[in-house]
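Student: Please show me the model, and then we can go through it by question and answer.

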Amino acid sequence: MIDDMWAIHVHIMLLDRRYYRIYGKNVSISRLNRHVRELKKRTKPHWKDLPSQAVQDVVLRYGKSRDAFFDNIKDRKAGKTTRKVGFPKIKTRHKYTSLTFTQAGYTLENNRIKINCIGTWFSIHKHREIQGIIKTITIKRDRCGDYWICFSCDNVDDSEPKSMTGESAGFDYGNKTFLTSDTGHKIESPEFLKQSLKVLRSLSKALSRKVKGSGNWYRACRALARQHRKVARQRYDWQWKLATELCTEFDILIFETLNLEGMKRLWGRKVSDHAFYQFLQILEQKCAKHGKKFQKISQWTATTKPCSDCGYHNKVLTLSDRQWTCPKCGSHHDRDVNAAINIKRAGLAALSGADVRR
């Protein structure tokens, strides 16, 4: 069934490209939906067996990604963002791995689900009870061959806000130390990818010895995918727990915007293993849930070289200097702690300025 959804995805994207070449504009989502309905009556009668709402969602996904591309162009011209969003591309068959049901097309009873177009009941394991009103369900197939069901619900009130502490903190990210706070507290990353390198290399070697496309090759692919999934889950779990601890301890959390892509080009695997951008996304979500403030300062704000005591700008400071003494006031600084103090100061100033403007 997912393969048939992929065929619809390819068809509408090729159609839209051809239409743009001829007429210089894109096809509207409503016209694409009408076109798919006509195909069911004429040349694609086997598409009738597919859930109609799931087919409509394929077109809707394309519409959302196309709108995001044009909205991003407007935002970049207006100076609202520097992030680039590409025009949607045709996914290969093995990368199109999900389909979404909205209000119909399935039947859910306790720990079983029935996909109506297949007519078969499947047992599912729920990691927690479903709350609220189910709006959509998405069935996903991962690289290990496992299937997952994601429920999107309305009217869910499962938030228990953390109590306010009145504390604020600035944090500096580094390769040697994952996070350093302005109080000097250092948080080391477990570096789960580094811990699993030996196993990953062995599995990659085993995969390279298999004949591509054979049964053993697919089994080796799944074994390698399972190990990568384990590493990702370990990192994800650790980051969620760390975000919870920080939200419990502080009311205002301030970080610096970084050019992580450039850092990856310089230091490669270690930056990817830290997954700092993913951590910031998790922390921002946690702060929104618990009513805490999450602030990011500009990457062009000077935080490393200025002295946090007198403001002297140390132009001769290099990346290898982990400790330094201010030649003006004589203060001795840990490089990361000094940067965290400056990050906190700049973030609080930005927040107070925003409050004044309101």
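Student: In which helix is confidence lowest, and in which is it highest?
Tutor: This is a predicted model, in which local features need pLDDT of at least 70 and side-chain atom pairs count only at pLDDT 80 or more, while totals for chains, interfaces and linings use all residues. Residues are numbered from 1 along each chain as its sequence is written, and side-chain values use heavy atoms, leaving out hydrogens and water. The pLDDT (the predictor's confidence in each residue, from 0 to 100) averages 89 for the protein, with 98% of the residues at 70 or above. Helices (H or I, at least four residues) and strands (E, at least two) are DSSP runs numbered from the N terminus; confidence is lowest in helix α10 (residues 335-357), at a mean of 83, and highest in helix α5 (residues 197-208), at 96.

Student: Is valine 59 buried or exposed, and which residues does it touch?
Tutor: Valine 59 lies in helix α3 (residues 52-77). Its relative accessible area is 0%, so it is buried (under 20%; exposed is over 50%, and partly exposed is in between, with a 1.4 Å probe and protein chains only). Histidine 9, 50 residues away in sequence, has its C-alpha 7.2 Å from that of valine 59. Leaving out residues up to four places away in sequence, the contacts of valine 59 (heavy atoms within 4.5 Å) are Ile12, Ile29, Leu32, Asn33 and Val36.

Student: Why does cysteine 326 form no bond with cysteine 310?
Tutor: A disulfide is a pair of cysteine sulfur atoms within 2.5 Å, and a search of the whole structure finds 0 of them. Cysteine 326 is buried, at 2% relative accessibility, whereas cysteine 150 is partly exposed at 35%. For cysteine 150, the closest cysteine sulfur is in cysteine 153, 11 Å away and too far for a bond. Cysteine 326 forms no bond because the closest cysteine sulfur, in cysteine 310, is too far away, at 3.5 Å.

Student: Over what arc do the buried residues of α9 lie?
Tutor: Helix α9 (residues 276-290) has 15 residues and should span 21 Å, which agrees with the 21 Å between its end C-alpha atoms (the expected span is 1.5 Å times one less than the number of residues). The buried residues of α9 are Phe276, Phe279, Leu280, Ile282, Leu283, Lys286, Cys287 and His290. They lie on the same side of α9 because their arc around the axis (from the directions from the helix axis to the C-beta atoms) is only 165°.

Student: What is the phi of alanine 275?
Tutor: Most residues other than glycine have a negative phi. Alanine 275 sits in the loop between α8 (269-274) and α9 and is buried, with a relative accessible area of 15%. Asparagine 110, in the loop between β2 (106-109) and β3 (112-115), is exposed at 67% and has a positive phi of about 50°. Alanine 275, not a glycine, also takes a positive phi, of about 50°.

Student: How many bridges pair β5 with β6?
Tutor: Strands pair if DSSP finds at least two bridges between them. Antiparallel strands β1 (residues 98-101) and β5 (residues 133-141) are joined by 4 bridges, with serine 98 partnered by lysine 140 in β5. β5 and β6 form a hairpin with 5 residues between them, and glycine 145 in the turn has a positive phi of about 90°. Between β5 and strand β6 (residues 147-154), the antiparallel pairing runs over 8 bridges.
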